[in-house]
Amino acid sequence: MERLITENGTMVQHALTELDAVLMVARRGKFRAAAVELGVSTTALSNAVGKLERALGVRLFNRTTRSVSLTEAGQRFIEQVAPAVRDIHEAMEAARSQQATPSGTLRINAFPTAAREIFSSLVLPFQRLHPQVHIDIVTEGRLVDIVAGGFDLGVRSEDLVPVDMIALPLGGPRRNVVVGAPSYLESRGTPKIPQDLAAHTCLRVRLPNGAIYRWPFEKDGQSIHVDVEGGLTLDEAGLARTAALASVGLTLAMESDVRDDIDAGRLVRVLEDWTPTLPPLSLYYPSRRNPTAAFKAFIDFARRHGGPSVADDDGLDAASRPSLAR
């Protein structure tokens, strides 16, 4: 708790969570987006901000049905209180770093496919070993600033890790595969080269920015991107898998997402010699002066169990660029 002294000398306690709420709304510019980042309901967040405003006796935000902006008083308040709240959080992290038993919350941001890849091999085993640690995973198809978003860790393809982050490689190379149900291939035939997809029904993928993803292929130094056609456009890999299993058409998927279906014969790979490997995943995070016991335990666990390529936590020379969620 932080104690603020009012002009008349009265001591008033304000929960740190209320200050965090105000700072997050100021940062995101929307109550709904701020509530998602903090893992609370929009109503709870609005109530926390309103409570602080009433205690201070000033309105911190101008609210309309479309936008939220700081008032002049709110801007001055944010400028003064933000450094103090940051210092409080750093002091709390320093204290938590002395814990013998890891506990508290770790917030992880990841592409949906990346989250699926690490969930069973890394997250679940870690939580079984450290049941007092709560893990909050947020999946997004867009690249985010994990520091500004209040995340402890991020998981992305190693070529998308910002250059100022410390990165820990997870596992080896990955790849996309084109698959279809046996019944679909029996009725429509098997494509031999990417251009053959023009005669096939394909499940189209919409990127977070609204663009339709062009399927990438590569062989013998030749690269080609195909704008496939089909009656369904989706933005969720699970739906595309379901449609492919129902013989609706061919889909481009992460191999890890459909490996069980391939092994069981429910789906069949095509164009195998045209699907290139992708960079491995990386767990990444900013430099921290006082990491919590939970944070240190997770990094150590990832280093030991993240895969055969995990060796050290040197920073990677990688650049962020738009890409299909990988």
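**Figure 1. Where does D220 sit, buried or exposed?** D220 is exposed, with a relative accessible area of 75% (exposed means over 50% relative accessible area, buried under 20%, and partly exposed in between, with a 1.4 Å probe and protein chains only). This is a predicted model, where local features need pLDDT of at least 70, side-chain atom pairs count only at pLDDT 80 or more, and totals for chains, interfaces and linings use all residues. Residues are numbered from 1 along each chain as its sequence is written, and side-chain values use heavy atoms, with hydrogens and water left out. D220 is found in the loop between strand 11 (215-219) and strand 12 (222-226). Its phi is positive, about 50°, even though D220 is not a glycine. Most residues other than glycine have a negative phi.

**Figure 2. L271, another loop residue with a positive phi.** L271 is not a glycine either, and its phi is near 55°. Look for L271 in the loop between strand 15 (268-270) and strand 16 (277-278). With 5% relative accessibility, L271 counts as buried, whereas D220 is exposed.

**Figure 3. The whole protein, for orientation.** The 326 residues include nine helices and 17 strands; helices (H or I, at least four residues) and strands (E, at least two) are DSSP runs, numbered from the N terminus. Of the residues, 43% count as buried. The accessible surface is about 16,700 Å², and carbon and sulfur atoms hold 51% of that (Shrake-Rupley method, 1.4 Å probe; for residues, only the protein chains shown count as cover). Contacts (heavy atoms within 4.5 Å) often span a long stretch of sequence: among those between residues at least 6 apart, 73% join residues at least 24 apart.

**Figure 4. Helix 1 and its crossing with helix 3.** Helix 1 covers residues 16-28, and its 13 residues reach 18 Å from first C-alpha to last, close to the 18 Å expected (1.5 Å times one less than the number of residues). L16, E18, L19, A21, V22, L23, M24 and V25 are buried here. G29 follows helix 1, with a positive phi near 80°. The axes of helix 1 and helix 3 come within 9 Å and cross at roughly 105°; axes are lines fitted to C-alpha atoms, for helices over the stretch in contact, and angles run from 0 to 180 degrees between N-to-C directions. That makes helix 1 roughly perpendicular to helix 3 (65 to 115 degrees; under 35 is roughly parallel, over 145 roughly antiparallel, and the rest oblique). On the helix 1 side, E18, L19, A21, V22 and V25 meet L45, A48, V49, K51 and L52 of helix 3.

**Figure 5. Helix 3 against helix 2.** Helix 3 runs over residues 42-56; its 15 residues should span 21 Å, and the end C-alpha atoms are indeed 21 Å apart. Its buried residues are L45, A48, V49, G50, L52 and E53. Right after helix 3 comes G57, with a positive phi of about 80°. Helix 2 (residues 31-38) has its axis within 9 Å of the helix 3 axis, and the two cross at roughly 105°. These two helices are therefore roughly perpendicular to each other. F31, R32, A34, A35 and L38 of helix 2 make the contact with T42, L45, S46 and V49 of helix 3.

**Figure 6. An open, mixed sheet of five strands.** Read across the sheet, the strand order is 6-5-7-17-8. Strand 6 (133-139) and strand 8 (166-170) are the edges, each pairing on one side only. From one strand to the next, the twist averages 25°. Strands count as paired if DSSP finds at least two bridges between them. Strand 5 and strand 6 run parallel, joined by seven bridges, with I135 of strand 6 as the bridge partner of L106. Helix 9 (residues 293-305) lies across strands 5, 6, 7, 8 and 17, at about 160° to strand 17.

**Figure 7. Strand 7 and its two partners, strand 5 and strand 17.** Five of the five residues of strand 7 (residues 153-157) are buried, so the strand is largely enclosed by the rest of the structure. Strand 7 pairs in the parallel sense with strand 5 (residues 104-110), over three bridges; one bridge partner here is L153, opposite I108. With strand 17 (residues 281-285), strand 7 pairs in the antiparallel sense over four bridges. There, S282 of strand 17 is the bridge partner of R156.
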